[in-house]
Amino acid sequence: MAEQMKTELSIWLNGKKESLDSNQLSHLLPRFKSPFAVALNGCFIAANQYPNTVLQAGDQLDIVSPIAGG
Amino acid sequence: MHSDFNIYGTQLNSRLILGSALYPSPALMQQALQQSGCEAVTLSLRRQAPEQQGGEQFWQLIRELKLQLLPNTAGCHSVQQAVTLAQMSREIFQTNWIKLELIGDDYNLQPEPMLLLQAAEHLLADGFEVLPYCTDDLVLCKRLYELGCKVLMPWAAPIGSGLGVLNPYALRTLRERLPDATLIVDAGLGVPSHACQVMEMGFDGVLLNSAVALAKDPVLMALAFSQAVAAGRSAFLAGAMPKQDFASPSTPVLGMPFWLQEAL
């Protein structure tokens with residue numbers, strides 16, 4: 001498990017600035033509806049890596065879900 | 001009837017692949033997909049907006065159809081973007097298929113050929129089954145095929161234009177020069193005759209979205225396209241007659257009344 005840190009940090013969540021009170025990715029995810037996939041700073045984060053992923057100030061986090069496409 | 005059409009080994013009975021976007025309503029999308037008889041559908045990923053509930057309904061409807069899912073990397077402008085989106089797609093949709101789109105020009109959404117090759121190489125090495133959306137350029141298509149893309153998806157015209165086949169020579173050349181590649185014409189078709197035309201050329205399939213979704217009656221247009229694709233395929237297999245520049249009567253001349261064999 002990644003080291004937990006109780007602090008406030010600011011990241012870019014789906015393109016919007018957001019302040020978090022935890023640096024654990026897994027703490028942030030329950031607000032999103034399944035299915036979703038995650039990219040951190042433009043790189044894919046596999047689901048089995050969520051518990052080990054620590055966020056840092058200024059990170060860009062993208063959480064995506066299925067939509068229509070051509 | 002046995003079909004010899006397959007995408008990376010997955011056999012499909014319908015040679016028509018439809019997109020899931022731009023329909024007047026999710027219900028009409030579902031009806032059009034069903035009416036077309038297609039067995040594969042394209043879809044994509046975008047940032048989740050919890051305040052928007054439409055995404056959930058879309059996903060539910062798509063899953064009910066039990067079609068093969070062909071996720072795309074629409075909107076990507078870099079190799080990194082395309083690779084990351086492909087990896088996220090594979091995790092969500094549980095498929096190695098990826099319709100690789102890498103845009104090089106925002107006006108006509110023309111694929112970026114150099115980056116397309118780089119991204120395709122990367123994704124193939126990562127175990128993806130890559131279906132690159134590409135132009136009809138022979139050399140680009142040859143390079144993609146040599147890399148290991150067994151399925152290529154050249155455009156007929158820019159995405160959403162409905163212009164039909166802008167360069168029949170280029171498409172015919174692709175078919176002739178890459179006889180073993182699975183070639184699916186993707187983008188730019190507007191009416192069923194366009195689809196029939198490329199199927200008559202010997203293309204293996206057709207992928208389209210706007211032409212059905214933006215029709216006045218998408219469900220009926222989906223049926224029309226499926227019939228056109230089937231007709232074009234049958235015509236290709238049947239083999240067209242040779243063209244000639246002069247008339248040749250089809251009704252026998254022998255026995256024609258009103259004329260005499262000898263001059264009076």
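A polar contact is taken here as a pair of N or O atoms within 3.5 Å, where, within protein, one atom must be able to donate a hydrogen and the other to accept it. The structure at hand is a predicted model, and one such contact makes a good place to start reading it. A polar atom of the side chain of Asn72(B) lies 2.7 Å from the backbone oxygen of Gly70(A), so the pair falls within the 3.5 Å limit.

The surroundings of Asn72(B) help to place this contact. In chain B, Asn72(B) sits in the loop that runs between strand S5 (68-71) and helix H3 (79-93). Its relative accessibility is 1%, and Asn72(B) is therefore counted as buried, since that label applies under 20%. Once neighbours within four places in sequence are set aside, the residues in contact with Asn72(B) come from both chains: Gly69(A) and Gly70(A) from chain A, and Leu43(B), Ser44(B), Leu85(B), Ser89(B), Ile98(B), Lys99(B) and Glu101(B) from chain B.

Two of these contact partners, Lys99(B) and Glu101(B), are also paired with each other. Their side chains form a salt bridge with an N to O distance of 3.4 Å, and both residues are buried. Asn72(B) thus touches both members of a charged pair, while being buried itself because its relative accessibility is just 1%.

Chain A, which supplies the backbone oxygen in that contact, can be described as a whole. Its secondary structure consists of one helix and five strands, arranged along the sequence as β-β-α-β-β-β. The radius of gyration of chain A is 12 Å, which agrees with the value near 11 Å for a compact globule of 70 residues. The C-alpha trace spans about 40 × 25 × 20 Å along the principal axes of the chain. Of the 70 residues in chain A, 44% are buried. Contacts joining residues at least 24 apart make up 47% of those in chain A between residues at least 6 apart in sequence. The accessible surface of the chain amounts to about 3700 Å², with 51% of this area belonging to carbon and sulfur atoms.

Some details of the backbone deserve a closer look. In chain A, the peptide bond leading from Ser34(A) to Pro35(A) is cis, and its omega is near 0 degrees. Pro35(A) belongs to the loop between helix H1 (25-28) and strand S3 (37-40). Past S3, in the loop that leads to strand S4 (43-45), Asn41(A) has a positive phi, near 50 degrees, although the residue is not glycine. Asn41(A) is partly exposed, at 42% relative accessibility. Chain B offers a case of its own: Lys66(B), also a residue other than glycine, has a positive phi near 55 degrees. Lys66(B) is located in the loop between helix H2 (54-65) and S5, and with a relative accessible area of 74% it is exposed.

Charged pairs form the next topic. Side chains of opposite charge can pair when their charged atoms come close. Over all chains, the count of salt bridges comes to 10. One of them joins Glu146(B) and Arg143(B), with an N to O distance of 3.2 Å. Both residues of this pair lie in helix H5 (residues 138-147) of chain B, three residues apart, which is about one turn of the helix. Glu146(B) is exposed at 54% relative accessibility, whereas Arg143(B), at 39%, is partly exposed.

A salt bridge is also found between Arg175(B) and Asp204(B), whose closest N and O atoms are 2.7 Å apart. This pair links distant parts of the chain, 29 residues apart: Arg175(B) lies in helix H6 (residues 168-177), and Asp204(B) in the loop between helix H7 (192-200) and strand S12 (205-208). Arg175(B) and Asp204(B) are both buried. In addition, a network of salt bridges links Asp4(B), Arg15(B) and Arg233(B).

The surface of chain B also carries a nonpolar patch. Met256(B), Phe258(B) and Trp259(B) form this patch, and together they have about 430 Å² of accessible area. Phe258(B) is located in the segment after helix H9 (218-238). With a relative accessible area of 80%, Phe258(B) is exposed.

Definitions and conventions
Residues are numbered from 1 along each chain as its sequence is written. Chains are lettered from A and ligands numbered from 1 in the order in which they are written. Side-chain values use heavy atoms; hydrogens and water are left out. Patches are made of residues with over 30% relative accessible area and no salt bridge: like charges are joined within 9 Å, nonpolar side chains (Val, Leu, Ile, Met, Phe, Trp, Tyr) within 5 Å. Accessible areas come from the Shrake-Rupley method with a 1.4 Å probe; for residues, only the protein chains shown count as cover. A salt bridge is a side-chain nitrogen of Lys or Arg within 4 Å of a carboxyl oxygen of Asp or Glu. Helices (H or I, at least four residues) and strands (E, at least two) are DSSP runs, numbered from the N terminus. Buried means under 20% relative accessible area, exposed over 50%, partly exposed in between (1.4 Å probe, protein chains only). Contact means heavy atoms within 4.5 Å. The radius of gyration is taken over C-alpha atoms; the globule rule is 2.2 Å times the number of residues to the power 0.38.
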